[in-house]
Amino acid sequence: MLLLGGIAVAIGGPPVLVVLNVPFVSRDPYGLFGCFATLLILAVGWYFMKAGRARYRAIFPFVFVGVMLVNLAWISETPVRSPDYRCYEEAAQQYISGTSPYGGCFLYPPPVVQLFATVGSVIESLASSFAAEFAIPRFTWAMVFYLFQCAQFFLVMMLFFLLFRFSVQLGIHHGSAVILVALLLLVNDPLSRTLRLDQINLWILDAMLLAI
């Protein structure tokens with residue numbers, strides 16, 4: 001529950017601070033997310049160092065913190081919508097307007113576009129209720145992209161734990177497993193390309209590992 005609360009604060013805190021126009025606070029939600037997420041990473045690392053099982057002690061907290069800080073930098077420092085992401089967004093807008101999202105570049109199953117459209121509708125509704133001046137399409141879709149970027153980061157975090165657990169179940173010693181996972185997540189062009197191009201590959205990969 002504490003982890004879920006920390007994730008909620010890390011994601012929700014930056015846009016709330018921006019909307020409330022808090023003095024002396026950055027107006028860049030991605031920079032603020034980087035700050036909040038860094039604190040969360042350090043807290044999780046501290047938890048595993050002090051209260052985790054034996055396999056999560058020793059070098060695990062330090063490797064985890066290092067890997068996640070690198071991935072956080074990739075995500076929070078490059079908030080630019082790629083052509084792949086614009087394809088998702090345009091498909092969601094077409095879906096909301098009642099037209100088929102499959103007339104252009106969108107080739108994914110319906111749940112993908114339905115998820116983007118639902119998140120966009122929820123954000124628009126919340127903005128209309130609590131901050132009417134932000135109830136405009138530009139803000140709505142900027143927030144959808146922000147949430148997508150946040151989700152990408154936490155999908156990488158989930159991937160770290162899933163790969164570690166999978167490696168241990170294969171019989172690899174936990175010390176070697178965490179080093180292997182770190183190498184897989186740092187020296188990995190497909191992963192960096194997925195993050196750079198805002199692709200949904202992590203959703204599929206994490207789902208497959210959860211199923212396994």
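The largest pocket in this predicted model holds about 440 Å³ of space. A pocket here is an open set of points on a 1 Å grid over the protein atoms alone, with protein on both sides within 12 Å along at least five of seven lines, using a 1.4 Å probe. Grid points are joined across faces, edges and corners, and the volume is the space filled by probe spheres set on those points. Lining residues are those with an atom within 4 Å of a point. For the largest pocket there are 14 of them, and Leu 3, Val 44, Phe 48, Met 157 and Phe 161 sit nearest the centre. Helices H1 (2-19), H2 (29-51) and H6 (137-169) each chip in at least two lining residues. Helices are DSSP runs of H or I with at least four residues, strands are runs of E with at least two, and both are numbered from the N terminus. All 14 lining residues are nonpolar, with no polar and no charged ones. Nonpolar covers Ala, Val, Leu, Ile, Met, Phe, Trp, Tyr, Cys and Pro; charged covers Asp, Glu, Lys and Arg; the others, Gly among them, are polar.

The second largest pocket comes in at about 370 Å³. Its lining also counts 14 residues, with Pro 15, Val 19, Leu 126, Phe 139 and Met 143 lying nearest the centre. Two or more lining residues come from each of H1, helix H5 (110-130) and H6. H1 gives the most to this lining, five residues. By class, the lining of the second largest pocket splits into 13 nonpolar, one polar and no charged residues.

Stepping back to the whole protein, there are nine helices and zero strands. The radius of gyration, taken over C-alpha atoms, is 19 Å, close to the 17 Å that the globule rule gives for 212 residues, so the protein is as compact as a globular protein of that length. That rule is 2.2 Å times the number of residues to the power 0.38. Along its principal axes, the C-alpha trace spans about 55 × 45 × 25 Å. Of the 212 residues, 40% count as buried, meaning under 20% relative accessible area, while exposed means over 50% and partly exposed is in between (1.4 Å probe, protein chains only). Contacts (heavy atoms within 4.5 Å) often reach far along the chain: among those between residues at least 6 apart in sequence, 66% join residues at least 24 apart.

Helix H9 (residues 201-211) has Leu 202, Asp 206 and Leu 209 as its buried residues. Seen down the axis of H9, these fall within an arc of 60°, so they line one face of the helix; the arc is that of the directions from the helix axis to the C-beta atoms. The cover over them includes H6 and helix H8 (189-196).

Two single residues round things off. Asn 71, in helix H3 (residues 60-76), is buried, with a relative accessible area of 0%. Leaving aside residues up to four places away in sequence, Asn 71 touches Val 156, Leu 185, Leu 186, Leu 191 and Leu 195. Ile 136, in the loop between H5 and H6, is partly exposed, at 40% relative accessible area. From C-alpha to C-alpha, Ile 136 lies 50 Å from His 174, with their positions 38 residues apart in sequence counted as separation.

Residues are numbered from 1 along each chain as its sequence is written. Local features need pLDDT of at least 70 and side-chain atom pairs count only at pLDDT 80 or more, while totals for chains, interfaces and linings use all residues, and side-chain values use heavy atoms, leaving out hydrogens and water.
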